[in-house]
Amino acid sequence: MPIRQLPARLANQIAAGEVVERPSSVVKELVENSIDAGATELIIDIEQGGARRIRIRDNGQGIAHDELELALSRHATSKISSLDDLESIMSLGFRGEALASISSVSRLTLTSKPAVQSEAWQAYCEGREMTVSIQPAAHPDGTTVDVQDLFFNTPARRKFLRTEKTEFGHIDEVVKRIALGAPEVRIQLRHNQRKVRDYRPAITEPQQIQRLKAVAGNTFAGDALHIVNQVDPWQLQGWIAPAAVCRHQGDVQYMFVNGRMMKDKLLNHAIRQAYGDLLPADRQPTFVLYLTLPARDVDVNVHPSKHEVRFHQARQIHDFVLQTIRQALPQADSLEGAPTEG
Ligand code: ADP
Ligand code: MG
């Protein structure tokens, strides 16, 4: 076959393979966009595990009428404009891929109203036919993205969807991560019109504990040790369970780097090592931790899912996390060796 440029839609569908694995990936991308837009309230409506519908409404800054179509095209982003920006990213998104990818494999409606614009507008595209139709709409300040019939035009993908319950379980987990990562945002999650979660804004410390309980469970919130450590310009804070109450399942392992949820080998290694012999091999470290560092110290442009990062001073970050947690955990020998009262 001769070499040909792929049609835009096909190129987007190929890219969608990387970004949109299942309904929960759509939820993740859309919610990240809402948070990047400064939303303080999110309403997430799911139907049939997300296969039928995923609709997210936010009260963020909105998208201007004349940018709606652009927002849906590939490599279109308001978040970076230069290599310099790429090297110091604070937003969750930056690839300009999500809306283009999602719209190429669903029936997508994007409705938005920036506060400065007097009326709302709506863009609709079906499987991202190259024509996007734009019409006036009714909508308060903010944005709603309504994704219907995910993978309707990519049957091979649709076949891989699991049961409604399983897919919704993945969505619930994604929403939990966001609820911990953006504690000041109110998040409601509904499934088939039923309210499933309602995370209230967590600004004060008691509210934060409340949210920690709602997401990670009462047991963890009750047992966990609160840690804060700062070695300028790095900060690690959050909650960690003492070894004695760590369980077999690693279901409460949340690590955020500059607000972004990570599954990072280096950090996991540091945490595991901090527990050392305190933790039997069949138990899992249990934690909700927030690492904050200058954007320039970390490269998030490693993988499309953005679950991995690269630290410029990997060794020092590893040791900072290790030391902070080790100091926070009660050490077996210091307990045994401690002089007894009386
Ligand atoms: P990225 O997030 O990487 O920039 P996306 O494809 O997810 O790429 O979004 C493209 C652009 O559309 C964003 O850069 C942003 O300007 C705009 N956008 C998307 N969702 C929202 C939203 N909920 N509120 C405001 N703007 C949005
Ligand atoms: Mg995005």
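This report walks through a predicted model, from its two domains to their sheets, the ligand shell and a few backbone details.

## Two domains and their contact

Let's start with the overall layout. The domain assignment splits the protein chain into domain 1, residues 8-199, and domain 2, residues 217-332. Their C-alpha centres are 29 Å apart. Twelve residues from domain 1 and twelve residues from domain 2 make up the contact.

Which elements supply at least two residues each to the side of domain 1 that touches domain 2? They are α1 (8-19) and α7. Helix α7 gives the largest share of that side, with three residues. By class, this side of domain 1 consists of seven nonpolar, two polar and three charged residues.

## The eight-stranded sheet

Eight strands form an open sheet with mixed pairing, in the order β5-β4-β3-β6-β2-β1-β7-β8. The edges are held by β5 (133-137) and β8 (194-199); each has a single partner strand, so one side of each has no neighbour in the sheet. From one strand to the next, the twist averages 15°.

Inside this order, β3 (residues 107-113) and β6 (residues 142-148) run antiparallel and are joined by seven bridges. To find this pairing on your screen, look for Lys113, which stands opposite Gly142 in β6. A helix belongs in this picture too: α2 lies across β1 (41-47), β2 (53-58) and β6, and runs at about 10° to β2.

## The five-stranded sheet

A second open sheet, also with mixed pairing, has five strands in the order β9-β10-β13-β11-β12. Here β9 (225-231) and β12 (260-262) are the edge strands, and each has a single partner, so one side of each is left without a neighbour in the sheet. Neighbouring strands are turned by 20° against each other on average, direction ignored.

Strands of a sheet pair through backbone hydrogen bonds, in either a parallel or an antiparallel sense. In which sense does β11 pair with β13? These two strands are parallel, with five bridges, and Tyr254 stands opposite Val288 in β13. Strand β11 (residues 253-257) pairs with β12 in the antiparallel sense, over three bridges. Val257 has Arg260 of β12 as its bridge partner, while Met255 is matched with Met262 in β12. The hairpin of β11 and β12 has two residues between the strands, and Asn258 in this hairpin takes a positive phi near 50°.

## Helices to look for

Helix α7 (residues 164-181), already met at the domain contact, packs on the five-stranded sheet. There α7 touches β11, β12 and β13 (287-292), and its direction makes about 50° with that of β11.

Another helix pair is α10 (residues 265-275) with α11 (residues 314-328), which pack at an angle of about 35° with axes 8 Å apart. Is their crossing left-handed or right-handed? The crossing of α10 and α11 is right-handed. From α10, the contact uses Leu266, Leu267, Ala270, Ile271, Gln273 and Ala274. These meet Ala314, His318, Val321, Leu322, Ile325 and Arg326 in α11. Sorted by class, the contact has nine nonpolar, two polar and one charged residues.

## Around ligand 1

How many residues surround ligand 1? There are 23, and the closest are Asn33, Ala37, Thr77, Gly93 and Ala98. Two helices, α2 (23-36) and α5 (98-104), are the elements that give two or more residues to this shell. Helix α2 is thus worth a second look: the helix that lies across β1, β2 and β6 also contributes to the ligand shell.

The shell around ligand 1 is made up of eight nonpolar, ten polar and five charged residues.

## Backbone details

Two more spots may catch your eye as you trace the chain. Asp232 and Pro233 are joined by a cis peptide bond, with omega about 5°. Pro233 lies in the loop between β9 and β10 (234-240).

The other spot is His75, a residue other than glycine with a positive phi, near 60°. You will find His75 in the loop between α3 (68-71) and α4 (83-86).

Methods. Residues are numbered from 1 along each chain as its sequence is written. Chains are lettered from A and ligands numbered from 1 in the order in which they are written. This is a predicted model: local features need pLDDT of at least 70, side-chain atom pairs count only at pLDDT 80 or more; totals for chains, interfaces and linings use all residues. Two strands pair if DSSP finds at least two bridges between them. Helices (H or I, at least four residues) and strands (E, at least two) are DSSP runs, numbered from the N terminus. Axes are lines fitted to C-alpha atoms, for helices over the stretch in contact, and angles run from 0 to 180 degrees between N-to-C directions. Two residues are in contact if their C-beta atoms, placed from the backbone, lie within 7 Å. A residue is near a molecule or strand if its C-beta atom, placed from the backbone, lies within 6 Å of it. Ala, Val, Leu, Ile, Met, Phe, Trp, Tyr, Cys and Pro count as nonpolar, Asp, Glu, Lys and Arg as charged, and the others, Gly among them, as polar. A crossing is left-handed if the near helix is turned anticlockwise from the far one by less than a right angle, and right-handed if clockwise. Domain bounds come from an automatic or database domain assignment.
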